[in-house]
Each structure stands twice: as structure tokens, then as C-alpha cells.
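Q: I have just opened this one and would like to be walked through it. Could we take it topic by topic?

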Amino acid sequence: MHWLLNLLLYQGAWLVAVLAKSAWPVLAILALHLWLSNQRRADSRLMLLYMFIGALVDGSLSLLGLFDFGPGVYLVPLWLVALWAALAMLPNHSLAWLKGRLWLNVLLGALAGPLAYWGGVRLGAAQFGWPLMPALATLALVWAGLWPGLMALAKREAV
């Protein structure tokens with residue numbers, strides 16, 4: 001799959017998940033990705049693993065009060081779990097060049113992770129339960145460690 005198409009599919013999944021707050025459009029994009037992918041098995045395994053990890057990480061942060069997803073959502077909404085599966089589209093395709101580059105992954109995680117959540121908050125998908133700066137700093141620390149681990153997992157699963 002061409003790296004640009006992969007990146008556009010992910011960005012589309014992120015945008016539709018945040019705006020619609022629905023998992024269904026994300027699942028359609030995931031299906032299209034898998035149909036186009038030459039690494040269906042590895043991508044599918046990563047999607048399941050990332051959904052589990054994402055539910056655990058975001059659920060923990062939600063329990064700590066960092067996120068507020070609105071009434072009726074106790075831990076993590078389904079659209080966010082689906083978005084974690086969409087994140088798994090990237091490591092074997094548009095971000096494959098990052099595998100094994102620890103410090104670039106630390107930097108990418110520390111910057112892109114908090115920005116993605118902040119973007120979601122700004123678009124009304126959730127609210128921070130903490131003041132902005134402590135919330136972003138916490139997310140930067142979490143993602144500085146999480147993203148390198150997710151990329152290492154992708155490297156192992158691609159074998």
C-alpha cells in the first residue's frame with residue numbers, strides 16, 4: 001500500500017471518529033485498509049493488540065479523571081477503541097521507516113499523542129478533566145513511552 005494512501009486512510013478514520021463519535025465509519029475504513037493491505041495478517045493482529053492496549057491505557061487515564069467522554073460513557077467509548085485499531089494501520093506502512101528508531105519514536109509519541117487528544121477535545125469529542133497543561137504533559141509522558149513500545153510490537157508482529 002502506498003504510504004500516502006495509508007496516511008490518508010488513518011487521518012480519515014481519526015476525523016470521522018472524532019466528529020461522528022461512532023465506531024462504524026472507522027470500521028469501514030479499517031475494512032478498506034485490510035482489503036488493500038499486503039500485510040493483512042500482521043495488520044489484523046496489530047489492530048486487535050492496539051485495541052486492547054488502547055482500552056487499557058485510555059481506560060486507566062479516564063479512571064484517573066484525565067478524560068471526560070460525556071454522559072453514559074464509563075471508561076472508553078467504542079469509537080475511541082476503533083480509533084486505536086486505526087492507529088495500527090500505520091506501523092507496517094506509512095510509519096514503517098520508524099521501526100527500530102527509539103528516540104524518533106519517543107519524540108513522535110511525546111508530540112503527536114497529546115496533539116491528537118487535544119485535537120479531539122477541541123473538536124468536541126471529549127473534555128479534559130484536568131487543567132490543559134497538566135493533561136498535555138501527562139499525555140506526553142505516557143506517549144513518549146507508549147509509542148516506542150507500540151512500534152516495537154509492530155516490528156515483532158510483522159515477522
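Q: Which element gives the largest share of the lining of the largest pocket?
A: Please keep in mind throughout that this is a predicted model. The largest share of that lining comes from α5, which supplies 8 residues.

Q: And which elements supply at least two residues of the lining each?
A: Those are α1, which covers residues 3-20, together with α4, α5 and α6.

Q: What volume does the largest pocket have, and which residues are closest to its centre?
A: Its volume is about 530 Å³. The lining is made of 27 residues, and the ones closest to the centre are Tyr10, Trp14, Leu87, Ala112 and Ala116.

Q: Moving to the surface, which residues make the nonpolar patch?
A: The patch, of about 800 Å², is formed by Trp97, Leu104, Leu107, Leu111, Leu115, Trp118, Leu132 and Met133. Two elements give two or more residues to this patch, namely α5, spanning 102-122, and α6, spanning 132-157.

Q: Which element gives the most to it?
A: That is α5 once more, with 5 residues in the nonpolar patch.

Q: Take leucine 132 from that list: where is it, and how is its accessibility classed?
A: Leucine 132 is placed in helix α6, and because its relative accessibility is 34%, it counts as partly exposed.

Q: New topic, the aromatic rings. How many aromatic pairs are there?
A: Searching the whole structure gives 7 aromatic pairs. In one of them, phenylalanine 69 and tryptophan 79 have ring centres 6.3 Å apart and planes at 80°, and therefore the pair is edge-to-face. Phenylalanine 69 sits in the loop between β1 (67-68) and α4 (78-87), while tryptophan 79 is in helix α4, 10 residues apart from it, and the pair links distant parts of the chain.

Q: Are those two buried or exposed?
A: Both phenylalanine 69 and tryptophan 79 are buried.

Q: Which residues form a stacked pair?
A: Tryptophan 84 and tryptophan 143 do, with 5.3 Å from centre to centre and 25° between the planes. Since tryptophan 84 belongs to helix α4 and tryptophan 143 to helix α6, this pair ties together parts that lie 59 residues apart in sequence. Tryptophan 84 and tryptophan 143 are both buried.

Q: What cluster do the ring pairs make?
A: Ring pairs link Phe67, Phe69, Trp79, Trp84, Tyr117, Phe128, Trp143 and Trp147 into a cluster, so the residues of the two pairs described above are among its members.

Q: Now the charged side chains. How many salt bridges does the structure hold?
A: It holds 2 salt bridges. In one of them arginine 45 is joined to glutamate 157, with the closest N and O atoms 2.5 Å apart. Because arginine 45 lies in helix α3 and glutamate 157 in helix α6, this pair ties together parts that are 112 residues apart in sequence.

Q: And what about arginine 156?
A: The side chain of arginine 156 meets that of glutamate 157 in a salt bridge, at 2.6 Å from N to O. Through shared partners, the salt bridges join Arg45, Arg156 and Glu157 into one network.

Q: Which members of that network are buried, and which are exposed?
A: Glutamate 157 counts as buried, because its relative accessibility is 9%. Arginine 45, at 29%, counts as partly exposed, whereas arginine 156 is exposed, with a relative accessible area of 54%.

Q: Back to helix α3 for a moment: what can you say about valine 57?
A: Valine 57 lies in helix α3, which runs over residues 40-63, and it counts as buried because its relative accessibility is 17%, where the cut-off for buried is under 20%. Valine 57 and valine 142 are 85 residues apart in sequence, and their C-alpha atoms are 8.8 Å apart in space.

Q: Last one, what about the phi of lysine 21?
A: Lysine 21 has a phi near 50°, which is a positive value in a residue other than glycine. Lysine 21 lies in the loop between α1 and α2, the latter covering 24-36, and at 43% relative accessibility it counts as partly exposed.

Notes:
Residues numbered from 1 in each chain as written. Predicted model: local features only at pLDDT ≥ 70, side-chain atom pairs only at ≥ 80, totals over all residues. Heavy atoms only, no water. Patch = residues over 30% accessible without salt bridge, like charges linked within 9 Å, V, L, I, M, F, W, Y side chains within 5 Å. Areas by Shrake-Rupley, 256 points an atom, 1.4 Å probe, with all protein chains shown as cover. Salt bridge = Lys/Arg side-chain N within 4 Å of Asp/Glu carboxyl O. Helix = DSSP H or I, 4+ residues; strand = E, 2+ residues; numbered from the N terminus. Buried < 20%, exposed > 50% of the residue type's maximum accessible area, 1.4 Å probe, protein only. Phe/Tyr/Trp six-rings, centres within 6.5 Å; stacked < 30°, edge-to-face > 60°. 1 Å grid on protein atoms, 1.4 Å probe; cavity = no way out; pocket = protein on both sides within 12 Å on 5 of 7 lines; lining within 4 Å. Points joined across faces, edges and corners; volume = space filled by probe spheres on them.
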